[in-house]
Each structure stands twice: as C-alpha cells, then as structure tokens.
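Hi,

Here is the structure I said I would pass on. Have a look at it first, then read my notes underneath.

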Amino acid sequence: MNSIIGSNKSRSVVERTAQIIFIVCAFFAVLAVLSITVYMFLNGTPALTQVGITEILFGTVWKPTATDPSYGILYVILTSIVGTTLAILLGVPVGVLTAIFLAETAPAPLAKIVKPAVELLAGIPSVIYGLLGILLLCPLMYKLEQKIFAGSQTHQFTGGANLISAVLVLAIMILPTVISISESALRSVPASLKAASLAMGASKIQTIFKVILPAARSGIVTAIVLGVGRAIGEAMAISLVSGSSVNAPLPFNSVRFLTTAIVAEMGYAADLHRQVLFTIGLVLFVFIMIINLSLTRILKGGVKE
C-alpha cells in the first residue's frame, strides 16, 4: 500500500515538473515571436513615415543610391508573391504525390532508395541549389530565351537568370520538406481505416485519395506551410538564379525577391537606405504571417482536430 502511495506521489511530482517545463518553454516561444514582431515594427516603420507608405509600397522605381533616391518596392513585392505562388503550384503536388508513392505504393526496395535520397536533398545547403541552377538551369533558360526573343530590339537578355529559373529552384527546394512530413502523416493514419475502406469494396486508389489522404490532411497542411515558409524565406539560392534586378515579375525578366533585396544591399546600406531595407524585412515578415495563416485556414477549413 505504501509503495503504491509513494509511486503515485513520485508520478505526481514528475508530471507537475514536466508541466512547469512545458509552460516555461511555451512562454519563451511566445515571447520570442512577440519580441521579433516588436523589433521588426520598431525598425521597419520609421522609413514609412519619412519616405511615405505610398511611395515605398506602390512605387516601381528602386534607386536608393541616386542623387534623387527612389524607394519603390512594388515590383519586389509582386515578384515574391508570383514566384512563391508558382513554386507552390509546381512543388506541392509533386511533393504530396511522391509522399503517397513512398507511403502506399512503392515497392520496399525502391522506397529504401528514394527515401534516403529525399532526406539527403533536405540536408543540401541552399547555395548548392543556386550553383546547380547556374550551371545546369540557367544555360537552358538562356537558350530558350534566345529562341523566343530572337531579333527583339527591346528585350533585355538575362543569361538565363530570370523568374522562371528562380521558380524552378524554389519548387525543387521545398520538395524534401513537403515529401518527408507528408509521408510521416500518411504513415500515421490507422491501418483500420484502410482495411475498412478496402473491405467496403473500394479500390486501392480510391482508398488512398478518399480515406487516407483526408485522414492525413492536418499533417499535409503542416508540410505545405513549412514548405511555403522555406520558399518565401530563401535568399542565397534565389539571388544566384534570379538576376537580382528590380523588374516586373515576367517569366524572362531578371527579378528581385524581398529576401534577395535585403541580402544584396544590407552590407553597404546606410541611413535612410538601411531603414528602408528594414521596412522590406517588415513587409516580408507580415507577408509570411498572412500566407501561413491563410493557408492554414483554407486547407484546414472544416477539419476538426
């Protein structure tokens, strides 16, 4: 009897200790997010008042070092929106279908080869993706560009470093995240659901898309959100294959994303120019928060956790 009471007391102490630790960790996580938010708003808003919200957010001319400087970032914002959206449309379906293949239909020997390869992709530094893009993708894009705009007197040739190259690199970079997390979500679906569906006469494909995929929806949404976060926040690889020039986000234009705008100029920026770069960081921060919240709400809509 005493041993049972002692065991209950020790278990209670462990549970209370664990609860305190979890609460402290949650508090610091929330504090970190709030601190970052406050920091970004404190450093990003001064330029809005000095230059003007309209000129910064809706201006199309970016000449921060000119005699008469201009700080318009509309094309940079549109490039981030268009580039990220296209990368999601390309990468997410491929990633989710690959996860379904690995979790449900791939032969075991093949899955043992493909899965480590996907995990290896996740560990490759982003700059390597950019270098491979320069060596392999940009020359192909340049040949295509020469064929399409042959004889044009107005097109500014980019050497293959353009929006299309950036989108393709981003789509490849989000694949490991989407595949790994989606596969884990699919494998966590109870086998009883699959067995019940097959017992009711559904085919394997119907079971996958009508039963298993909806059951793993929450995990797949998490994979998509994390993949989108990587796509939006990527800078190094994109700066190598996008051309890093402020232009309208057209397929064969050299473009600049929000992240690459900060990376390209923060090293030498000063005074108002530096403050505007912090404003770009604030826009990027708000952009990421809106995208993540919107995706979570849209993709998880109607799903009860």
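Below is what turned up, starting with how to read the notes.

This is a predicted model, so local features need pLDDT of at least 70 and side-chain atom pairs count only at pLDDT 80 or more, while totals for chains, interfaces and linings use all residues. Residues are numbered from 1 along each chain as its sequence is written, and side-chain values use heavy atoms, with hydrogens and water left out.

Let's take helix H7 to begin with. It covers residues 163–187, 25 in total, and spans 36 Å from first C-alpha to last, close to the 36 Å expected at 1.5 Å a residue (the expected span being 1.5 Å times one less than the number of residues). Helices here are DSSP runs of H or I with at least four residues, numbered from the N terminus. H7 is not straight all the way: there is a bend of about 30 degrees at isoleucine 174, with proline 176 following within four residues (a bend is the angle between axes fitted to the seven residues ending at a residue and the seven starting there). Because 18 of its 25 residues are buried, H7 is largely enclosed by the rest of the structure. Buried means under 20% relative accessible area, exposed over 50%, and partly exposed in between, using a 1.4 Å probe and protein chains only. At the start of H7, a side-chain oxygen of asparagine 162 comes to within 3.2 Å of the backbone nitrogen of isoleucine 164.

Now for helix H6 and the loop after it. Leucine 137 sits in H6 and is buried, at 15% relative accessible area. Its C-alpha is 8.7 Å from that of leucine 168, although the two are 31 residues apart along the chain. Threonine 158 lies in the loop between H6 (126–148) and H7; at 18% relative accessibility, threonine 158 counts as buried too.

What about the cysteines? Cysteine 138 is buried at 5% relative accessibility, whereas cysteine 25 is partly exposed at 48%. A search of the whole structure gives 0 disulfides (pairs of cysteine sulfur atoms within 2.5 Å).

One more for your list: which helix gives the largest share of the lining of the largest pocket? That is H13, with 6 residues. Helices H4 (74–105) and H13 (271–299) each supply at least two lining residues. A pocket is an open set of points on a 1 Å grid over the protein atoms alone, where a 1.4 Å probe fits, with protein on both sides within 12 Å along at least five of seven lines; lining residues have an atom within 4 Å of a point.

Cheers

Note on methods
Polar contact = N/O pair within 3.5 Å; in protein donor to acceptor, adjacent residues only side chain to side chain.
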